[in-house]
Amino acid sequence: MTGTTLVGLCGSLRAESYNRKLMYEGARRFDGRFVEGNLRLPLFDEDLQNEGMPDEVTRLAEQVRAADAVLIACPEYNKAPPGVLKNALDWISRVKGHPFAGKPVAIVSATAGRAGGERTQSMLRLMLVPHRAMVLTHPEVLVGGAKNHFDAEGRLVTESYVEKLDALIDRLQAAVSVPA
Ligand SMILES: Cc1cc2nc3c(=O)[nH]c(=O)nc-3n(C[C@H](O)[C@H](O)[C@H](O)COP(=O)(O)O)c2cc1C
């Protein structure tokens with residue numbers, strides 16, 4: 001294992017989340033330490049920020065800042081990223097020094113619908129622009145009809161998705177090894 005660290009952010013809080021399963025599958029393929037960020041944060045409120053940055057926000061932002069790469073698993077709620085993820089990104093944006101700046105970021109999504117989260121991924125890419133991240137553009141890992149593609153142990157079993165995830169994480173690893 002190399003000395004690199006991957007931070008995972010999952011936009012679903014539910015225990016049996018397919019997006020978290022997909023994120024873990026990505027993490028297993030990454031040669032380095034994996035840390036999952038905690039997105040159970042208070043709702044962003046500038047008054048709360050002015051009282052002092054919540055500890056869990058500072059922790060999350062510093063995990064991102066210290067990471068060599070970030071993997072975001074983004075569910076699709078009404079064709080868009082969930083509020084949990086937007087909330088986390090808004091909080092992180094209030095921590096000085098752009099924690100995501102220059103960071104290689106890979107995005108994956110798993111949905112009940114057939115499109116696998118095409119729209120949510122597109123929106124997330126736009127949402128990351130102000131964060132100055134280096135977001136990988138391809139391959140797009142869009143697991144549609146998610147319940148059919150994981151086994152009882154939460155492993156991704158459908159070969160076409162496995163190949164895409166392999167290729168995405170290879171590119172993420174390469175972006176860490178040879179910074180752009
Ligand atoms: C509020 C809400 C909105 C949803 N909207 C969509 C949608 O726009 N497209 C889609 O494919 N699935 C949609 N779904 C279904 C999710 O894709 C499905 O519940 C998925 O398993 C959620 O991700 P998770 O397993 O990581 O929690 C929605 C689910 C919820 C709860």
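A residue is called exposed here if 12 or fewer other C-beta atoms lie within 10 Å of its own, and buried if 20 or more do. The legends below describe close-up views of a predicted model.

**View 1. Two loop residues that are not glycines have a positive phi, N78 and R132.** N78, which sits in the loop between strand 3 and helix 4, has a phi of about 50°. With 7 other C-beta atoms within 10 Å, N78 is exposed. R132 belongs to the loop between helix 5 and strand 5, and its phi is near 65°. R132 is likewise exposed, in this case with 12 other C-beta atoms within 10 Å.

**View 2. A cis peptide bond links H138 and P139.** The omega angle of this bond is about -5°, and P139 is placed in the loop between strand 5 (134-135) and strand 6.

**View 3. The surroundings of the ligand comprise 15 residues.** Those that come nearest to the ligand are S12, S17, N19, T111 and G113. Sorted by class, the shell contains six nonpolar, six polar and three charged residues.

**View 4. Helix 1 is largely enclosed by the rest of the structure, since nine of its 12 residues are buried.** The buried residues are Y18, N19, R20, K21, L22, M23, Y24, E25 and G26, and among the elements that cover them are strand 1, strand 3, strand 4, strand 6 and helix 6. From its first C-alpha to its last, helix 1 reaches 17 Å, which is close to the 16 Å expected at 1.5 Å a residue.

**View 5. Helix 4 (residues 83-93) has L85, A88, L89, W91 and I92 as its buried residues.** Seen down the helix axis, these buried residues fall within an arc of 160°, and therefore they line one face of helix 4. They pack against strand 1 (5-10), helix 3 (55-66) and helix 5 (118-128).

**View 6. The largest nonpolar core holds 45 residues, of which V70, L71, I72, A106 and V108 touch the most other members.** Elements that each supply at least two residues of this core include helix 1 (18-29), strand 3 (69-73), strand 4 (104-110) and helix 6 (159-177). Leaving aside residues up to four places away in sequence, I72 touches L9, V105, I107 and L124. In soluble globular proteins, nonpolar side chains tend to be buried together.

**View 7. E36, a residue of strand 2 (residues 33-36), is partly exposed.** There are 16 other C-beta atoms within 10 Å of E36. Although E36 and L71 stand 35 residues apart along the chain, their C-alpha atoms are separated by 9.4 Å.

Key
Residues are numbered from 1 along each chain as its sequence is written. This is a predicted model: local features need pLDDT of at least 70, side-chain atom pairs count only at pLDDT 80 or more; totals for chains, interfaces and linings use all residues. A residue is near a molecule or strand if its C-beta atom, placed from the backbone, lies within 6 Å of it. Ala, Val, Leu, Ile, Met, Phe, Trp, Tyr, Cys and Pro count as nonpolar, Asp, Glu, Lys and Arg as charged, and the others, Gly among them, as polar. Helices (H or I, at least four residues) and strands (E, at least two) are DSSP runs, numbered from the N terminus. The arc is that of the directions from the helix axis to the C-beta atoms. Two residues are in contact if their C-beta atoms, placed from the backbone, lie within 7 Å. A nonpolar core is a set of buried Ala, Val, Leu, Ile, Met, Phe, Trp, Tyr and Cys residues joined through C-beta atoms within 7 Å. The expected span of a helix is 1.5 Å times one less than its number of residues.
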